[in-house]
Amino acid sequence: MKKSKTPTFLLELPLFVDAGQAKRLCAHFEAARCLYNALLGEAMKRLRAMRADPAWQEARAIPKAHKQERKEAFSRLRQAHGFSEYALHEFAQVANCTWIADHIDAMMAQTLATRAYQAANRVCLGKAKNVRFKSKGRGLDSVENKWNKSGMRFVLDPNAGDGGFLLWNAEVLPARIEWRDAVVRHGLRHAIKYARLVRRKASSPNARGADSEGYRYYVQLILEGTPHQKKKHTVGTGVVGLDVGPSTIAIVPQQGEARLLPFCEELQPDARAKRRLQRKLDRQRRANNPDNYDEKGRIKKHGKRRLTWKNSKGYLASRRRLAHKERKLAAHRKSLHGRLVHQIIRHGNTIRTEKLSYKAWQKQYGKSVGRNAPGMFLEHLIRTVASTGGTLSEFPTQSTKLSQYCHGCGSYVKKPLSERWHSCPCGIGPVQRDLYSAWLAAHLDPPNTVPSIAQDSWEGAELRLQAAIEVLQQRANEGQALPRSVGIPRAGARLPKSLAPNQQELVYRRGRLEALGEAQEPPVL
Ligand SMILES: [Zn+2]
C-alpha cells in the first residue's frame, strides 16, 4: 500500500474496558508480542545473512561519490536476501499462523512487520546498535491497523448517544468522549485513517480505570487534517531567535519582549522525588540480595551462572511507584514543552536557532539533558511551527559561531564556557551571552553566516535584554537558585562585579558541580 501523504494528526481517547475484555485484550497483546518478536528475529537473521554476503563488502567498497552504483548494489543485496518491508510483509503472512492468527489479522500482522523491519533497518543503517526484543514482563503496549475499514477499527454510533467504539476481534470497547472538549469535537469531525490501541501501566491495579493487571487502555485515532488550534494560542508574525542550552532557553524576537528561561523548572521537585525512589530501590535490592554484592558493595561478576535476584513485595511496590513517577515526569515535561512552544510562536513563526549536537550534550550535561530533553523540545517546536505554516531554520554552529561574535566590531573571540557575559572592548555589553546569541540569531538570514544588524537596532535591544535579566535578578534576590549558566549567583545577589575571565567558576559537568580549571576546558557551546 502506498503511504498516504496527506497531513495527519492524532486524537487520544480513554477506553472503558471490563474485566473480561481486559483479560482477552491481554491475550491479544501477548499474541502480538510473540509475532513481533518472530518478525524481528527473522529480520535480523536476514540482515546478518546480507552482511555476511561477500557482495556486501564489495558494495561497501564502492566509493561514496558513485552514488547511483552504490545504491544499486545495496538494493540488489536487499532484494537477494529479502531484507525489505515488503518481503517481511510476505513473511508475516506465513508466520501469522496457528494460535496467533486467532488474535491477529493480516493487516495488523503487516503493521507489526513494518515495525520490526524499521527497527532492523536502523541497525542496518548504523543508526542503532541493536534491536530490542519485547520481553514477556514488559510486553508490547500498542498495536495498530492500516485502515479503518476492517480489522481493528473505530466507529462513531450516532444512535448510541453519540458514542464511539473500538472494534477489535469480537470486542466492542466504548470510548469516553467529552463532546464539550473542543479538541475532541474537532478531531472527530475528521476522517479516520486508522486506529491504534495503546495500554499504559497505571500506578497500581487499584488506580481508577485500571484493570486487574494495572493497565489503562486508550485508543489513538490517526486523523486526516490538521490539529485543532486553541484560541488562546495565537500565532505571531515576527522573527524569533532562540538559544537553546541544556538547562536554559533564551527567546529573543526581533521586536518584543526578550526572555531567558530556565528549562522545565517545574520538573525539579518531581526529579528529586524520582531520585529518592531510585535510592530506596537500590537499598531494598541490596537488602534482599546480600549475596550478590562483594565486600566493596559492587555487584558480583557472574561467571557461567547468572545471578538470581530475589524481589520482595516492598521492592516490587517501589519499582511500580518509580515507573509511575517516570511516566508522570515524562507527561509533565511534554506539557511544559508544549507551553513553551506556544509562548515562542506567539511572537512569530519564523524561528532561527543554531543547530546543536545533542549527542555531545548528553555526554557533558547528562543530568540536565535527561531531565529537560531539549532535543525533544526542538522536535516539538519544529512540528508546531510547520503546522502553522512557519519556518524554522537551524544553522550550523561551526560556520556562524554566534557565541563568539560581536556585532559592534565584527570580531570573533572565543569565550571560555564559564564566561556567561559578553562584554567587548568596542563598547558592546556587558550582556548575558545566551540572550545575546539569541538576539544575533534573530538577525541572521540563513544562507548568510553573519547577522545583518541595522545601525540603531542595538539600542532598543540592549534594554530588552537587560529587562530579561532583571526578571531573573529579582528571583535570585529572593534566594531562588537559577541554573549556573545564567550567570547570576544566588541570594546576596550581585552581578558578577568583575567580568574577569580568570575568575574560577563552577560548572555542571557529568551531573556534578566542578570547578572549571583553565586546562580542562570543555568546548565552547
Ligand atoms: Zn566588539
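**Exercise 1.** In which hand does helix 9 pass helix 12 in their crossing? Describe the packing of helix 9 and helix 12 in this predicted model.

*Solution.* Two packed helices are described by the angle between their axes and the distance between those axes. Here the axes of helix 9 (residues 313-347) and helix 12 (residues 374-387) come within 10 Å and cross at roughly 50°, which makes helix 9 oblique to helix 12. As for the hand, helix 9 passes helix 12 in a right-handed crossing. Turning to the residues, helix 9 contributes His337, Gly338, Leu340, Val341, Ile344 and Ile345 to the contact, while helix 12 contributes Met376, Phe377, His380, Leu381, Thr384 and Val385. Sorted by class, the contact of helix 9 with helix 12 has 8 nonpolar and 4 polar residues, and no charged ones.

**Exercise 2.** Determine the strand order of the open sheet of 5 strands, and then identify its edge strands.

*Solution.* The order is 10-9-8-11-12, with mixed pairing. Strand 10 (259-262) and strand 12 (391-396) each pair on one side only and are therefore the edge strands. From one strand to the next, the twist averages 20°. At the edge formed by strand 10, 4 bridges join this strand to strand 9 (residues 248-253), the two running antiparallel, and Ile249 stands opposite Leu261 in strand 10.

**Exercise 3.** Locate Cys97 and decide whether this residue is buried or exposed.

*Solution.* Cys97 lies in the loop between helix 4 (85-95) and helix 5 (98-101). Because 10 other C-beta atoms are within 10 Å, Cys97 is exposed. The C-alpha atoms of Cys97 and Lys45, which are 52 residues apart along the chain, are separated by 20 Å.

Key:
Residues are numbered from 1 along each chain as its sequence is written. This is a predicted model: local features need pLDDT of at least 70, side-chain atom pairs count only at pLDDT 80 or more; totals for chains, interfaces and linings use all residues. Helices (H or I, at least four residues) and strands (E, at least two) are DSSP runs, numbered from the N terminus. Axes are lines fitted to C-alpha atoms, for helices over the stretch in contact, and angles run from 0 to 180 degrees between N-to-C directions. A residue is buried if 20 or more other C-beta atoms lie within 10 Å of its own, exposed if 12 or fewer, and partly exposed in between; C-beta atoms are placed from the backbone. Angles under 35 degrees count as roughly parallel, over 145 as roughly antiparallel, 65 to 115 as roughly perpendicular and the rest as oblique. A crossing is left-handed if the near helix is turned anticlockwise from the far one by less than a right angle, and right-handed if clockwise. Two residues are in contact if their C-beta atoms, placed from the backbone, lie within 7 Å. Ala, Val, Leu, Ile, Met, Phe, Trp, Tyr, Cys and Pro count as nonpolar, Asp, Glu, Lys and Arg as charged, and the others, Gly among them, as polar.
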